[in-house]
Amino acid sequence: MRRIRTVTSRVQETPSTVTLRFFDDLPAAPGQFVMLWVPGDDELPMSLSFCEGERGVTVKSMGATSAHITRLQEGDKIGVRGPYGNQFDVAPRHILLVGGGSGTAVLAPAAEALVRGGGELTVALGATTGPELLFAERLRPLADAVHLATDDGSEGYHGFVTDVVTRLITMQSFDAVWTCGPEVMMSKVEAAASRVGVPVWCSVERHMKCAVGICDACALGPFHVCQDGPVFPGATLRRLEEFAHSHRDPSGRKLPFGSPPPTTLPPSS
Amino acid sequence: MADLRTRVGALELRSPLLLASGIWGESGVSLRRAYDAGAGAVVSKSIGSEPRDGYPNPTIEEYGSWGLLNAMGLPNPGMVAYRGELAAARQGGAVVIGSIFGHDASEFRTLALAMAETGVAALELNLSCPHAEGLGSEIGGDPTLVTEITRAVKEAVPLPVWAKITPNAADPAALAVAAVAGGADAITAINTVRAMAIDVDLQRPVLTHGLGGLSGPAVKPIGLAVVWQIYERVQIPIVGVGGISTVDDALQYLLAGASAVQIGTAITHGGAGLFSTLNAGISHRLDELKIPSVTALIGAAHRGTQSV
Ligand SMILES: Cc1cc2nc3c(=O)[nH]c(=O)nc-3n(C[C@H](O)[C@H](O)[C@H](O)COP(=O)(O)O)c2cc1C
Ligand code: FES
């Protein structure tokens, strides 16, 4: 059911990423998402970056609506429905968390639940540049080590976080990997982990409209990301030709990752 | 074991349960998944000439067990791009009905020709989407246009043509009569019922488009009445749709006069498995009622009643 909530706090996490908190009482688990509506603008799926107490989303300014969300202030009203989707299994074991850019948002509450339940955590985060590394300080007290990588070398390893992961996964033993970030990154993480027999769980993102498994906007192979996901086993994703290759625009056309959106006629032509 | 087979005109179906248009229709793989789960056929998303994004979100409002309000705005990738999805759907042998929408008879005709080339088993004309300017029920509410569009499509393609009509008219059955005049092979009824949601905190409509269409259990009694009235007025088969989620819902539509039924909103809770569950349930229920086949039920509730 949709409800209107008031933004109770706003934190600028990185130059491009903002956390908004709001009060909500529906149970939510790490991995799940809500449909966040900015009245007068669009409604977007947003993973919960805080699942307990005051709920929160951590949003990166990408398109017009996400940019609008990052400009919201304390006291502004937002519409929320959900939470939807499945969750990370936080049963105690040793997890390697691999976050790319704002993808770390959905992994952080899972990491907190894991460690609280007695699990062990190692973290690898990547970003374009140092100031864009998300939640490094939030995760540091939970993890035995936090490895950082930046494309420009301004902090940590100079290069992709996937290089760090490829090395870590052969040196240390992990029970599973959790990852969220650009799909090409996740598929490289999956490949590295599967070579050493470590299962991977990926949180994937697709365009969404209904969030209740009916409109097919979020179709990914035989799955609907809104209902069957957003957390999928890497071994399942690996077999789908779309994974790390294409997604669908709001009209349903398949687009390769990284291509500019084609122009479309207005809805009421 | 009761016989689940039925037919809509010349088209033979292994089950009377079909997937409704606009549900799981963006991807061919999703359509195939519904067919593989036991649907008698699957209806494609309504496809137009050009790609359309549809309306911005919110496009959906949920009403729990009653159903859903939607104003998707006919999003679709356009006929050219959709061919690949239809090919994927038909790969495993799925029986696909191609749904199309246009602004006028000539656009419907062009789309029908393109859709026919993809190997679909029949065409469904969307004359009934309640929330798109110049499309759907805005033209489908006019009996003259219904006849004209149906005739243009019938003259162009050798396929069975199903006219999907709107319940948002004073006399929906008159629209079915108009489709028959244009040569329709079957009537699909109903599309969603015009509806809206307003938020009190914000004092504004919830859906970006304002008006939308209601579907799910809340509309079943409306759909039943429309199918009932159409059955009394036309001789061609009817495909019933609106709020079906249980075995008895489906049987009620058959009794009202439908030869087959479509399922939409119930998929949100039941997933593809709903088709196999309901197929088994119908078979069991017919055995219990000592009725040998689905076809024996079609229109049976009309026997011995006065025209309503
Ligand atoms: C999200 C959604 C999208 C729909 N899209 C279409 C469409 O593209 N074409 C069409 O003819 N009907 C469309 N419909 C209407 C359904 O096919 C069906 O007629 C209606 O929902 C009633 O059936 P139900 O109660 O089982 O959902 C749509 C319905 C929903 C809920
Ligand atoms: S968003 Fe509609 S099916 Fe997932």
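Of the 21 residues around ligand 1, those that come nearest are B:S46, B:K164, B:G216, B:G243 and B:T265. The model is predicted. Ligand 1 occupies the largest cavity. The points below start there, then turn to strands in chains A and B and to backbone geometry.

**Ligand 1**

- The side chain of B:S46 places an N or O atom 2.7 Å from a nitrogen atom of ligand 1.
- B:G216 uses its backbone: a polar atom there is 2.8 Å from an oxygen atom of the ligand.
- B:G243 also offers a backbone N or O atom, which lies 2.6 Å from an oxygen atom of ligand 1.
- On its own, ligand 1 has 610 Å² of accessible area, and the protein covers 96% of this.

**Strand β3 of chain A**

- β3(A) spans residues 33–37 and is mostly covered, with 5 of its 5 residues buried.
- In a regular strand, side chains alternate between the two faces of the sheet.
- A:F33, A:M35 and A:W37 point one way from β3(A). A:V34 and A:L36 point the other way, and all of these residues are buried.
- β3(A) runs antiparallel to β4(A), residues 43–50, and 5 bridges join the two strands.
- Within that pairing, A:F33 has A:S47 as its bridge partner.
- The hairpin of β3(A) and β4(A) has 5 residues between the strands, and A:G40 takes a positive phi near 90 degrees there.
- β3(A) also runs antiparallel to β6(A), residues 77–84, through 4 bridges. Here A:F33 stands opposite A:Y84.

**A:P15, for contrast**

- A:P15 is in the loop between β1 (3–14) and β2 (17–22) of chain A.
- A:P15 has a relative accessible area of 58%. The cut-off for exposed is over 50%, so A:P15 counts as exposed.
- A:P15 and A:V34 are 19 residues apart along the chain, and their C-alpha atoms are separated by 24 Å.

**Strand β14 of chain B**

- β14(B) covers residues 211–215 and is mostly covered: 4 of its 5 residues are buried.
- β6(B), residues 68–70, is joined to β14(B) by 3 bridges and runs antiparallel to it. B:L68 is paired with B:S215.
- β11(B), residues 193–196, is joined to β14(B) by 4 bridges, again antiparallel. B:V193 has B:L214 as its bridge partner.

**Backbone geometry**

- Most peptide bonds are trans, and most residues other than glycine have a negative phi.
- The peptide bond between B:N57 and B:P58 is cis, with omega about 0 degrees. B:P58 lies in the loop between β4 (41–43) and β5 (60–62) of chain B.
- A cis peptide bond also leads from B:A189 to B:I190, with omega near 15 degrees. B:I190 belongs to the loop between β10 (186–189) and β11 of chain B.
- A:A244 is not a glycine, yet its phi is positive, near 65 degrees. It is found in the loop between α7 (234–238) and β16 (246–248) of chain A.
- A:A244 has a relative accessible area of 13%. Buried means under 20%, so A:A244 is buried.
- B:W24 is not a glycine either, and its phi is positive, about 60 degrees. B:W24 is in the loop between β3 (17–19) and α1 (28–36) of chain B.
- B:W24 is buried, because its relative accessible area is 2%.

Methods. Residues are numbered from 1 along each chain as its sequence is written. Chains are lettered from A and ligands numbered from 1 in the order in which they are written. This is a predicted model: local features need pLDDT of at least 70, side-chain atom pairs count only at pLDDT 80 or more; totals for chains, interfaces and linings use all residues. Side-chain values use heavy atoms; hydrogens and water are left out. Buried means under 20% relative accessible area, exposed over 50%, partly exposed in between (1.4 Å probe, protein chains only). Two strands pair if DSSP finds at least two bridges between them. A residue is near a molecule or strand if one of its heavy atoms lies within 4 Å of it. A polar contact is a pair of N or O atoms within 3.5 Å; within protein, one must be able to donate a hydrogen and the other to accept it, and residues adjacent in sequence count only if both atoms are side-chain atoms. Accessible areas come from the Shrake-Rupley method with a 1.4 Å probe; for residues, only the protein chains shown count as cover. On a 1 Å grid over the protein atoms alone, a cavity is a set of points where a 1.4 Å probe fits but cannot get out, and a pocket is an open set with protein on both sides within 12 Å along at least five of seven lines; lining residues have an atom within 4 Å of a point. A molecule sits in a cavity or pocket if more than half of its atoms lie within 2 Å of its grid points.
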